[in-house]
Amino acid sequence: MEKPSDLSPAQLAKPLRTADLPGLMVAIGPTIAEFVVKATEPLKARIAELESTQLKYCGVWDRFKTFPANAIVTDQGSAWISKTETRGIRPGDGNAFWQLAIKKGKDAR
């Protein structure tokens with residue numbers, strides 16, 4: 001098949017033959033691939049942003065363990081979410097590193 005830029009208006013008006021399809025696909029493939037990459041880049045960035053703020057349960061609080069931002073831990077019957085990466089700072093000690101998510105009940109269950 002000839003390159004699309006080499007075709008006259010009369011040739012372009014003719015019906016496409018099955019034999020022309022492989023050449024057509026080779027000709028338009030790079031354009032389609034470029035479009036798909038440009039269209040999906042913002043989606044990939046949004047997915048990365050959403051995944052970076054995803055909450056993750058990290059078990060019982062331990063002063064020797066480093067917890068990333070958005071980590072959920074349990075401590076003394078309550079559940080806490082870390083606001084930033086933190087290590088050695090107990091949840092609920094009047095600091096700005098942890099947010100109370102679930103307060104323990106009367107029987108600490």
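1. Let me start at a turn: Gln76 sits in the loop between S3 and S4. Its phi is near 55°, a positive value in a residue other than glycine. This is a predicted model, so please read every value here as computed from predicted coordinates. Gln76 is also exposed, with a relative accessible area of 55%, which is over the 50% cut-off for that word. The hairpin of S3 and S4 has 2 residues between the strands.

2. Now for the two strands on either side of that turn. S3 covers residues 71-75 and runs antiparallel to S4, with 4 bridges joining them. Asp75 stands opposite Ser78 in S4, and Val73 stands opposite Trp80 in S4. If you have the structure open, these two pairs are handy for lining up the strands by eye.

3. S3 has two faces that you can tell apart by their cover. Ala71, Val73 and Asp75 make up the covered face, while Ile72 and Thr74 are on the uncovered one. Just ahead of S3, in the loop that comes after strand S2 (66-67), you will find Asn70. Asn70 has a phi near 70°, again a positive value in a residue other than glycine.

4. What about S4, residues 78-82: how many of its residues are buried? The count is 5 of 5. Ser78, Trp80 and Ser82 point one way from the strand, and Ala79 and Ile81 point the other way. Both sets are buried, whereas S3 has a covered face and an uncovered one.

5. On its other pairing, S4 is joined to S6 (residues 98-102) by 4 bridges, and these two strands are antiparallel. The bridge partner of Trp80 in S6 is Leu100. Trp80 therefore has Val73 opposite it in S3 and Leu100 as its partner in S6, by the pairing of strands that DSSP finds.

6. Trp80 deserves a point of its own. Leaving aside neighbours within four places in sequence, Trp80 is in contact with Ala71, Ile72, Val73, Asp75, Pro91, Gly92, Trp98, Gln99, Leu100 and Ala101. Trp80 also belongs to the largest nonpolar core, which has 7 residues. The other members are Cys58, Trp61, Phe67, Ala71, Val73 and Trp98.

7. Stepping back to the whole sheet: it is open, has 4 strands in the order S1-S3-S4-S6, and its pairing is mixed. S1 (56-60) and S6 stand at the edges with a single partner strand each, so one side of each is left without a neighbour in the sheet. Neighbouring strands of this sheet are turned by 30° against each other on average, direction ignored.

8. Where does the parallel part of the sheet come from? S1 and S3 pair in the parallel sense, over 3 bridges. Within this pairing, Lys56 stands opposite Ala71 in S3. Ala71 is also on the covered face of S3 and is one of the residues in the largest nonpolar core.

9. Two residues towards the S6 end are worth a look. Ala96 lies in the loop between strand S5 (86-87) and S6, and is exposed, with a relative accessible area of 57%. Ala96 and Thr84 are 12 residues apart in sequence, with 9.0 Å between their C-alpha atoms. Gln99, in strand S6, is partly exposed at a relative accessible area of 42%. Apart from neighbours within four places in sequence, Gln99 is in contact with Ala79, Trp80, Ile81 and Lys83. The C-alpha atoms of Gln99 and Ala69 are separated by 11 Å, though the two residues are 30 apart along the chain.

10. Finally, a word on helix H2, residues 21-52. H2 has 32 residues and reaches 44 Å from its first C-alpha to its last, close to the 46 Å expected at 1.5 Å a residue. There is a kink of about 40° at Ile28 in H2, shortly before the proline Pro30.

Methods. Residues are numbered from 1 along each chain as its sequence is written. This is a predicted model: local features need pLDDT of at least 70, side-chain atom pairs count only at pLDDT 80 or more; totals for chains, interfaces and linings use all residues. Side-chain values use heavy atoms; hydrogens and water are left out. The expected span of a helix is 1.5 Å times one less than its number of residues. The bend at a residue is the angle between axes fitted to the seven residues ending there and the seven starting there. A nonpolar core is a set of buried Ala, Val, Leu, Ile, Met, Phe, Trp, Tyr and Cys residues joined through side-chain atoms within 4.5 Å. Buried means under 20% relative accessible area, exposed over 50%, partly exposed in between (1.4 Å probe, protein chains only). Contact means heavy atoms within 4.5 Å. Axes are lines fitted to C-alpha atoms, for helices over the stretch in contact, and angles run from 0 to 180 degrees between N-to-C directions.
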